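Welcome to the tour! Open your viewer, get comfortable with the mouse, and follow along one stop after another.

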Amino acid sequence: MPLLLSQNFINHVRIPENNDWVIFILIGCIFLYVFMMNVIERDASLKDFLLQKYFDASNNLPSWMITSCVTALTLSVLLSQYIPIVPKYIADLQLMGYQLNKFGYTLLAVVFFYASKSTLGFLFYQSIGDGRKWTVFYFTSTKFYFILSFLLIILCVTHYYFPVDRNKIFFYYFCFFAFVVVFKIFFYLFHKNNILPEKWYYKFLYICTLQIAPLLLLWKLLFF
């Protein structure tokens, strides 16, 4: 009888998933923003930072780089749970015996995506003879990605530390990011800083080649 009971025993103790790496990354991102606001932006308040004008701002490039880093990190943390596998040609690469996991591969793809898009954007503005507008562009986009990164931090906390169905919520993530892409295009088109080229065909070319096409490439890298 004791043997029979021991065979039918079911262990209901659940070993929780270790997500310490997530909180470490998020704390690091918050620290970067604290450093940016206190040192780079010289103790600017959140309202002053978001509403400041281009000609009144300083240290725009470091702020843009920090905001881009935080956005890339938080986006990678969120998306890494949904990529099917790390491609074999990436998994076979080893550095001191270490391989890229799903988060590492996602981060690599996202950094490549942002670096390529930024480089092509710079070359685009230079090629049309409107290089000065590039600095206004990344100054304005910094505000957009600053807000987006905070939304991504909230989504990361919800995704990893609350009981959500990750398969069902993926559809809502997809709708959220689709809305963000559409909103960003209109944000760029109608912003008072006139950050896109004046001529309509340059605007159309920019949106198609530097907003939509890179997203399709990123989707292919991560999910196919």
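Which helices each supply at least two residues of the lining of the largest pocket? Keep that in mind while we look around; the answer comes at the second stop. One thing to know before we start is that this is a predicted model.

**Stop 1: the whole chain**

Show the protein chain as a cartoon and colour it by secondary structure. You should find 9 helices and 0 strands. Walk from the N terminus onwards and every element you meet is an α element: the order is α-α-α-α-α-α-α-α-α. Now turn the C-alpha trace about its principal axes, along which the trace spans about 85 × 40 × 40 Å.

Switch to a surface view next. The protein chain exposes about 14200 Å², and carbon and sulfur atoms supply 71% of that area. Of the 224 residues in the chain, 38% count as buried. If you display contacts with a separation of 6 or more, 75% of them come from residues 24 or more positions apart.

For a last overview, colour the charged residues. There are 17 positive and 10 negative charges, and the mean positions of the two sets are 7 Å apart.

**Stop 2: the largest pocket**

Back to our opening question. Select helix H4 (60-79), helix H6 (102-127), helix H7 (132-161), helix H8 (166-190) and helix H9 (200-223): each of these supplies at least two residues of the lining of the largest pocket. The biggest share comes from H8, with 8 residues.

The space in this pocket comes to about 600 Å³. Its lining has 25 residues, and to find the centre you can select Phe177, Val181, Leu215, Leu218 and Trp219, which lie nearest to it.

Stay with valine 181 for a moment and show its side chain. This residue is part of helix H8. Is valine 181 buried or exposed? The answer falls between the two: valine 181 counts as partly exposed because its relative accessibility is 24%, and the in-between class starts where buried, under 20%, ends. Now add glutamine 211 to your selection. Valine 181 and glutamine 211 are 30 residues apart in sequence, while their C-alpha atoms are 8.2 Å apart in space.

**Stop 3: the cavities**

Next, look inside. How many cavities of 30 Å³ or more does the structure hold? There are 2 of them, and the largest has a volume of about 170 Å³. Its lining is made by 15 residues; select Trp64, Lys117, Ser118, Phe137 and Tyr145 to see those closest to the centre.

Helices H4, H6, H7 and H9 each give at least two residues to the lining of this largest cavity. Here H7 gives the most, with 5 residues.

**Stop 4: two prolines**

Select proline 62, whose place is in helix H4. With 33% relative accessibility, proline 62 counts as partly exposed. Try the distance tool between proline 62 and isoleucine 153: the pair is 91 residues apart in sequence and 21 Å apart in space, C-alpha to C-alpha.

Then move to proline 197, in the loop between H8 and H9. Its relative accessibility is 2%, so proline 197 counts as buried. What does proline 197 touch, leaving out residues up to four places away in sequence? Its partners are Phe124, Tyr125, Ile128, Lys133, Tyr202 and Lys203. One of these, isoleucine 128, is 69 residues away along the chain, and its C-alpha atom is separated from that of proline 197 by 8.5 Å.

**Stop 5: two positive phi angles**

Remain in the loop between H8 and H9 and select asparagine 194. Its phi is near 50°, a positive value in a residue other than glycine. Asparagine 194 counts as partly exposed because its relative accessibility is 44%.

For the final selection, go to aspartate 43, in the loop between helix H2 (20-40) and helix H3 (46-51). The phi of aspartate 43 is near 60°, again a positive value in a residue other than glycine. Aspartate 43 has a relative accessible area of 59%, so this residue is exposed; the cut-off for exposed is over 50%.

Note on methods
Residues are numbered from 1 along each chain as its sequence is written. This is a predicted model: local features need pLDDT of at least 70, side-chain atom pairs count only at pLDDT 80 or more; totals for chains, interfaces and linings use all residues. Side-chain values use heavy atoms; hydrogens and water are left out. Helices (H or I, at least four residues) and strands (E, at least two) are DSSP runs, numbered from the N terminus. Buried means under 20% relative accessible area, exposed over 50%, partly exposed in between (1.4 Å probe, protein chains only). Contact means heavy atoms within 4.5 Å. Accessible areas come from the Shrake-Rupley method with a 1.4 Å probe; for residues, only the protein chains shown count as cover. Lys and Arg count as positive and Asp and Glu as negative; His and the chain ends are not counted. The place of a charge is taken as NZ of Lys, CZ of Arg, CG of Asp or CD of Glu. On a 1 Å grid over the protein atoms alone, a cavity is a set of points where a 1.4 Å probe fits but cannot get out, and a pocket is an open set with protein on both sides within 12 Å along at least five of seven lines; lining residues have an atom within 4 Å of a point. Grid points are joined across faces, edges and corners, and a volume is the space filled by probe spheres set on the points.
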